[in-house]
Amino acid sequence: MHLAYPAVLAVLLFSVGLYGVLARRNAILVLMSVELMLNAVNLNLVAFDVWLRDTLHAGQALTLFTIAIAAAEIGIGLAIVLMVYRNRGTSDVDRLRDTAESPHDTPDADGTHSTEGTAPAQKAEATA
């Protein structure tokens with residue numbers, strides 16, 4: 001088997017996945033792009049395992065481990081995305097920055113944060 005064919009396919013898959021991670025704003029599409037990148041790595045592992053004729057099949061064993069880790073990552077990632085969607089109403093990655101504290105928020109004596117310097121629209125959004 002020629003090693004070039006699966007290697008080129010893996011590069012194309014990884015490139016499409018990398019583009020999806022960098023260009024997409026929807027969190028679910030970002031997770032799908034990460035899966036594409038992991039599948040490109042799995043393809044390389046199996047191709048090199050066959051090409052090297054490894055008797056222990058370490059590449060295939062590592063591929064199974066990577067698939068198990070990817071399944072766990074998708075399960076946790078989708079749970080986080082669904083919880084953010086329920087709380088915020090959107091799964092836009094750019095809007096997730098709103099969850100961080102603003103630099104002008106100061107903690108009060110009771111542990112809550114005051115929003116003295118925020119606009120009225122932001123105050124209404126924070127209380128909603």
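This section describes helix 2 of a predicted model, the loop that follows it and a residue of helix 3.

Helix 2 comprises residues 27-52, and its length was examined against the expected rise along the helix. At 1.5 Å a residue, the 26 residues of helix 2 should span 38 Å, and the computed distance between its end C-alpha atoms, 38 Å, agrees with this expectation. Several positions of helix 2 are buried, among them Ala27, Val30, Leu31 and Ser33 towards the start of the list, together with Glu35, Met37, Ala40, Asn42, Ala47 and Asp49. The cover over the buried residues of helix 2 includes helix 1 (4-23) as well as helix 3.

One aromatic pair was counted in the model. The pair is formed by Phe48 and Trp51, and it is classed as edge-to-face because the ring centres lie 6.1 Å apart, within the cut-off of 6.5 Å, while the planes meet at 85°, which is over the limit of 60 degrees. Both Phe48 and Trp51 belong to helix 2, where they are three residues apart, or about one turn of the helix. An α-helix has 3.6 residues a turn, so residues three or four places apart point the same way. Neither ring-bearing residue falls in the buried class: Phe48 is partly exposed because its relative accessibility is 35%, and Trp51 is likewise partly exposed, with a relative accessible area of 44%.

Just after helix 2, the backbone at Arg53 adopts a positive phi of about 55°, a value noted here in a residue other than glycine. Arg53 is located in the loop between helix 2 and helix 3, and it counts as exposed because its relative accessible area, 70%, is over the 50% cut-off. His57 is also found in the loop between helix 2 and helix 3, and although His57 is not a glycine, its phi is positive, at about 55°. With a relative accessibility of 40%, His57 is classed as partly exposed.

Beyond this loop, Thr66 is placed in helix 3, which covers residues 58-88. The relative accessibility of Thr66 is 15%, which is under the 20% cut-off, and Thr66 therefore counts as buried. When neighbours within four places in sequence are left aside, Thr66 is in contact with Leu38, Asn42 and Leu45. Of these partners, Asn42 is itself listed among the buried residues of helix 2, and helix 3, in which Thr66 lies, is included in what covers those buried residues.

How values were computed. Residues are numbered from 1 along each chain as its sequence is written. This is a predicted model: local features need pLDDT of at least 70, side-chain atom pairs count only at pLDDT 80 or more; totals for chains, interfaces and linings use all residues. Side-chain values use heavy atoms; hydrogens and water are left out. Helices (H or I, at least four residues) and strands (E, at least two) are DSSP runs, numbered from the N terminus. Buried means under 20% relative accessible area, exposed over 50%, partly exposed in between (1.4 Å probe, protein chains only). Contact means heavy atoms within 4.5 Å. Rings of Phe, Tyr and Trp (its six-membered ring) pair if their centres lie within 6.5 Å; planes under 30 degrees apart count as stacked, over 60 as edge-to-face and the rest as tilted. The expected span of a helix is 1.5 Å times one less than its number of residues.
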